[in-house]
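This report walks through selected local features of one protein model, moving from unusual backbone angles to strands, helices and side-chain contacts. Please keep the sequence and the structure open while reading.

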Amino acid sequence: MLHRFAGVALAPALALACALFFGFVPPTRAWEAAGNDDHVPRAAAKLAPAQDAAVLEAQGVIAREFGQEALRNVQLDLIKSADQNDVFEYEATKGRLTVHGSSAVALCSGFYQYIKRNHLGIASWSGNRLDLAHGWPDAALERESSPYRYRYYLNVVTYGYTMPYWTWDRWQREIDWMALHGVNMPLSLVATEAIGERVWKKLGLTQKEIDAYYTGPAYLPWERMGNIAGLDGPLAPDWNESQIALEHKILDRERALGMYPVAQGFAGFVPTQLERLHPGIKLSSMAWAGFSKQYRNHILPPDSPLFSKIGSLTIKEWEAEFGKVRFFLSDSFNEMHIPASTEAAKDALLKRYGAAIYRSIRDGDPDAVWVMQGWMFGYMRDVWTKDSLRSLLSEVPDDKMLILDEAMDYNANFWRNGMDRDVYDGFWGKQWIGGYIPNMGGKTAFTGVLDFYAHAGSDALASKNRGNLVGLGMAPEGIENNEAIYELISDTFWQSGPIDLDAWIANYSFARYGAQDDDIAKAWHLLIESSYGSFVDHPRFIWQLEPGSSRSSIRPDEKVIEAAEHFLAASGRLKANPLYRDDAIEVVAMAAGIRADQLIKQATKLYEAHDFSRGRASADRAFAILGDLDRLLASHPNLQLKNWADSARAYGATPSEKDHDERDAKMLITLWGRNGEIDDYSSRMWSGLIGGYYIPRWRMYFENLAGAHNDIRAWEKQWVRSAAVDQPQPFPDPMEAAGNILAHLRDKTPE
């Protein structure tokens, strides 16, 4: 994420010099220097100075994200909350901003809500903006109390689709983003394998046996959930050591901010090499997604004495290294069928598994809470009947279970199979968190019903099956895309009622771009009527799919092209704003993707009809659009294959490790498996991927239809193995290029 400031933003040294010159007092002590607390809101009750550590942490977030100058004339203090839920207050008078909060996260959120609501700026993955040209505008006292004790963030597979090669610098920026956006319950799974290695060694496995069990870094999430084992492994010799050091930094910062990190627990999955040490154990092979037996994971039976031993040892080893963690995630049957022959046998088995998992957690730490993802309850409703889920939960105390009902958007907008809270009677008294999966696989195309996200949280609060609802959250499979959705959801963390979407869009645009603009407003409303008014499970263009696919999953709505035209109409007024330029590039990319989709489909029909001349003309027009799009995206900070490949290579200590990690990363976003088991699941609109991967294989496909014999699968595997990454030359003026691309879209409509 780039640090971009439209207003005044001084480097720390310069800010300090100004502070000394102007007699600036550190902001958290400004009221003491003045000898009074006139600017402390009446509802605030200051806590003891010993708790100033939280204030210092909040200051650190603000300074890192917006510059040291953002703390000038700002007072931060802790206050007590009336219950277990966070609260913040802010007030600004005579150029002075006062923020009070019940935690460091609440302080960060209060500051961030003030700057957004007063159109001063925004913090996002593509960049930050803060305009301090006119200081802090007056604002009457605002007080917000979150209706949610926990505001959850991340998905197990985000650690594959986005985060496998993150360094501390990138993690620090994400934790800052979390704090500003009100997140206080992050999933924290780094170093899971390091703890696992210690457990397996204590059980008697050799290093060679352990190495054979683990996947490459990008595939570790699916190892943790029991879906696969050994794919593209082993891990580098120093991987676990580096992850231990990284997780210490992550947990230290999250805890200092008052967050509640969720660690990885044991769900029953073990290396088959345990059979050498325990010949009598009966492991079940878990099939998933068509992977061969070579890459299947195996699960212990719940009545095995090893289950509790391994589970409790996992928690003890984790807490011995990292300190006490209250929440442990364990998922035994994620997207997998339960090994039982009848419904009665299945429910009985689930009851035993629930008891075994809880017992292993309790034995490891009596205070710990079992956290479980609820994705499969809606995704596999035929498997997870009411009786089945109730059986799994039946042996677990209500206060020792936390269910992540993370797919409410899928329930409402895609599966349309009823909310889990209604189907499962509010989860029978168990604690649960409502939430969403706004992204699958890190796909970058626009999708998601913004109007739904504006009211879904308040709907859950008002539901007759609310039960023991304790939180709201978002569990995207991949991030750094569709940023408006995450801003909207995080704003609902502080609201008991629905958000007025029209007013929210207007405020979001002003905060992000620094001005009110009729064309921008029109563009956003067109997007809400099209891409952001529809929910697509796997939003992929046909040109991102294996050649020969008959249909894309993205609706060819002309309103997207119209939205792009309005967006670019504001270029003369807003092009100096980097966030405007980034968003304009993305909107034009969506429009270009739609037109290229239509041309590819047209070319396919013509080739199949042996009209090769006209087919080639349509294909060439599509490739020209995609080629221009490839260059245009080279000017976007996040949408580049080079970023992904470079981050993977940076983790390797030797040339062979660098090559391995890059292959691991490239395979995940293309073949997803050595033989394309989950082909093109993680489609990205990335510069370098479009020109280097998508276009060439479609060219080969059309050549084959005309009589050639290209082996496309062999070429795909070679591309994955190659260390070369296509790096297109960016346009000198991206906005001018975007305008030219858009004009060509109108000229190149399908026949």
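Glu480 is partly exposed in this predicted model, because its relative accessible area of 22% lies above the 20% under which a residue counts as buried and does not pass the 50% over which it would count as exposed. Glu480 sits in the loop between β17 and α19 (483-492), and its phi is positive, at about 70°, although Glu480 is not a glycine. Most residues other than glycine have a negative phi, and most peptide bonds are trans. Asn73 also has a positive phi without being a glycine, in its case near 60°; Asn73 lies in the loop between α3 (52-66) and β1 (74-78) and is partly exposed, with a relative accessible area of 32%. A positive phi, near 85°, is likewise found at Gly182, which follows helix α6. A further backbone feature concerns the peptide bond from Gly233 to Pro234, which is cis, with omega near 0°, and Pro234 belongs to the loop between α9 (220-224) and α10.

The backbone angles just described are collected here.

| Site | Angle | Value |
|---|---|---|
| Asn73 | phi | near 60° |
| Glu480 | phi | about 70° |
| Gly182 | phi | near 85° |
| Gly233 to Pro234 | omega | near 0° |

Helix α10 (residues 239-256) contains Asn240, which counts as buried because its relative accessibility is 12%. Apart from neighbours within four places in sequence, Asn240 is in contact with Glu193, Ala194, Glu197 and Leu235.

The strand β17 (residues 468-474), which comes before the loop of Glu480, leads to a group of parallel strands. Strand β16 (residues 431-436) runs parallel to β17 and is joined to it by six bridges, with Gly473 of β17 as the bridge partner of Gly435. Strand β15 (residues 401-405) also pairs with β16 in the parallel sense, over four bridges, and here Gly434 of β16 is the bridge partner of Asp405. Together with helix α18 (residues 450-462), β16 and β17 make a right-handed β-α-β unit.

How many of the residues of β16 are buried? Six of its six residues are buried, and the strand is mostly covered. In a regular strand the side chains alternate between the two faces of the sheet. In β16, Gln431, Ile433 and Gly435 point one way, whereas Trp432, Gly434 and Tyr436 point the other way, and the residues of both sets are buried.

Helix α6 (residues 168-180) can be checked against its expected length: at 1.5 Å a residue, its 13 residues should span 18 Å, and this agrees with the 18 Å between its end C-alpha atoms. Twelve of the 13 residues of α6 are buried, so the helix is largely enclosed by the rest of the structure. The buried set includes charged residues such as Arg170, Arg173, Glu174 and Asp176, as well as Trp168, Trp171 and Trp177.

Trp171 reappears in the largest nonpolar core, which has 259 residues; along with Trp200, Trp384, Trp543 and Trp672, Trp171 is among those that touch the most other members. Helix α24 (residues 578-608) gives the most to this core, with 16 residues. Around Trp384, leaving out residues up to four places away in sequence, the residues touched are Phe333, Ile338, Leu350, Met376, Phe377, Leu389, Leu392 and Tyr424.

The last site links a helix with a loop. Arg713 is placed in helix α29 (residues 712-721) and is partly exposed, with a relative accessible area of 27%, while Asp679 lies in the loop between α27 (655-668) and α28 (689-705). Which contact joins the side chains of Arg713 and Asp679? The two side chains are joined by a polar contact of 3.2 Å. Beyond residues up to four places away in sequence, Arg713 touches Glu546, Leu671, Asn675, Gly676 and Asp679, and Asp679 for its part is in contact with Arg540, Glu546, Thr670, Leu671 and Arg713. Glu546 and Leu671 therefore appear in both contact lists, because each lies within 4.5 Å of Arg713 and of Asp679. The C-alpha atoms of Arg713 and Arg697, 16 residues apart along the chain, are separated by 9.1 Å.

Terms used
Residues are numbered from 1 along each chain as its sequence is written. This is a predicted model: local features need pLDDT of at least 70, side-chain atom pairs count only at pLDDT 80 or more; totals for chains, interfaces and linings use all residues. Side-chain values use heavy atoms; hydrogens and water are left out. Helices (H or I, at least four residues) and strands (E, at least two) are DSSP runs, numbered from the N terminus. Buried means under 20% relative accessible area, exposed over 50%, partly exposed in between (1.4 Å probe, protein chains only). A polar contact is a pair of N or O atoms within 3.5 Å; within protein, one must be able to donate a hydrogen and the other to accept it, and residues adjacent in sequence count only if both atoms are side-chain atoms. The expected span of a helix is 1.5 Å times one less than its number of residues. A nonpolar core is a set of buried Ala, Val, Leu, Ile, Met, Phe, Trp, Tyr and Cys residues joined through side-chain atoms within 4.5 Å. Two strands pair if DSSP finds at least two bridges between them. A crossover is right-handed if, with the strands pointing away from the viewer, the path from the first strand over the helix to the second runs clockwise.
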